[in-house]
Amino acid sequence: MEYRIRTDLFRPFAVLALAGAVSLVVSSAVAARAYRGRGQDRTREGRRLNVKGLAVKRVRSDIGVWEITVRGEAPELKDAYGKLEAGFDRVKAFLRERSFPAAEVGVGAIDTVTHYKSEGYKETSRDVIGYSLKRTLTVTSGDVERVAGAAAEVTRLIGEGVLVVSSAPEYHFSGLAALKVELMGLAAQDARARADELASNAGGRVGELQDAQMGVLQITRPHSTETRSYGVYDTDTIEKDVRAVVTVTFRVEQS
């Protein structure tokens, strides 16, 4: 009877011990699988290939923007205005002679500066000694060659007594939105070709696309290597190189 009582007393502890051992074994197995799973995930994550694709296209500007400023100066306001108007009319005639239609020529307001007599260091009197007036014409044309030619000749009017200042024309390309889509596709193709070559040489093959990011466009003068993190937009030249770079991430698989 005493033996059975002791056995009955220890039986719950034996069951608990056995349950604990089974639980430990199961937990160890689960942990091992989880560890192997994490290792496999890391391996899969590590089988990635980041490449950059490049696409460059030469474009020709189709919009020219050119500013011409005419001045008139004289001791009297009326005389300054008369000189300004005479010079302004001469510049407009110059543009008509080069076949710029009136619709392509914008006319700005007259800016007037009054000059006062100086009475000492950093001091001026209320006595007016003259006036300077200026007015700007802005030519916007799709004939960029005509703009370039006229800009090179307009300062000859100085020899006729016209106070004229010519700004350097700016040349723009209006098709950038469509071109960006085209270059993105070409750069992505270049990235895939580079990835195929690298993966093949390493004994693998390119798998699914995991990520793709396009950088800013670099619009430079022909053959320039200039780049900036926020992009380049050259307006000095009629012809330009538009460069696009795409960074692509592929998964790499065993061949």
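In this report a residue is called buried when its relative accessible area is under 20%, exposed when that area is over 50%, and partly exposed in between, as found with a 1.4 Å probe and protein chains only. The structure is a predicted model, in which local features need a pLDDT of at least 70 and side-chain atom pairs count only at pLDDT 80 or more, while totals for chains, interfaces and linings use all residues. Residues are numbered from 1 along each chain as its sequence is written, and side-chain values use heavy atoms, with hydrogens and water left out.

## Strand pairing

Helices (H or I, at least four residues) and strands (E, at least two residues) are DSSP runs numbered from the N terminus, and two strands are said to pair if DSSP finds at least two bridges between them. Strand E11, residues 239–254, pairs in the antiparallel sense with strand E1, residues 48–60, over 13 bridges, and within this pairing Ala 55 has Ala 244 of E11 as its bridge partner. E11 also pairs with strand E8, residues 204–214, in the antiparallel sense over eight bridges, where Met 214 is matched with Val 246. A further antiparallel pairing joins E9 to E11 through three bridges, with Gln 218 facing Arg 243 as its bridge partner in E11.

Strand E2, residues 63–74, takes part in other pairings. With strand E7, residues 170–172, E2 forms three antiparallel bridges, and Val 65 stands opposite Glu 170 there. With strand E6, residues 163–166, E2 runs antiparallel over four bridges, and Val 70 stands opposite Val 164.

## Asp 241 and the loop after E9

Asp 241 lies in strand E11 and is buried, because its relative accessibility is 7%. Contact here means heavy atoms within 4.5 Å; leaving aside neighbours within four places in sequence, Asp 241 is in contact with Val 56, Lys 57 and Arg 58, and also with Gln 218, Ile 219, Thr 220, Arg 221, Pro 222 and His 223. The side chain of Asp 241 reaches the backbone nitrogen of His 223 at 2.9 Å, which can be read against the definition of a polar contact as a pair of N or O atoms within 3.5 Å, where within protein one atom must be able to donate a hydrogen and the other to accept it, and residues adjacent in sequence count only if both atoms are side-chain atoms.

His 223 itself is found in the loop between strand E9 (218–220) and strand E10 (232–233), and is exposed because its relative accessible area is 69%. Most residues other than glycine have a negative phi. His 223, although not a glycine, has a positive phi of about 70 degrees. Ser 99, likewise not a glycine, has a positive phi of about 65 degrees; Ser 99 is placed in the loop between helix H2 (77–97) and strand E3 (105–107), and counts as partly exposed because its relative accessibility is 47%.

## Salt bridges

A salt bridge is a side-chain nitrogen of Lys or Arg within 4 Å of a carboxyl oxygen of Asp or Glu, and a search of the whole structure finds 20 of them. The table lists some of these pairs with the distance between their closest N and O atoms.

| Basic residue | Acidic residue | Closest N and O atoms |
|---|---|---|
| Arg 98 | Glu 97 | 3.3 Å |
| Lys 240 | Asp 234 | 3.6 Å |
| Arg 221 | Asp 236 | 3.7 Å |

The pair of Asp 236 and Arg 221 links distant parts of the chain, with Asp 236 in the loop between E10 and E11 and Arg 221 in the loop between E9 and E10, 15 residues apart. Arg 221 is partly exposed, because its relative accessibility is 40%. Lys 240 and Asp 234 are both buried. Salt bridges that share partners also join Arg 58, Arg 60, Glu 145, Glu 239 and Asp 241 into one network. In the pair formed by Arg 98 and Glu 97, Arg 98 counts as partly exposed because its relative accessibility is 26%, whereas Glu 97 counts as exposed because its value is 51%.
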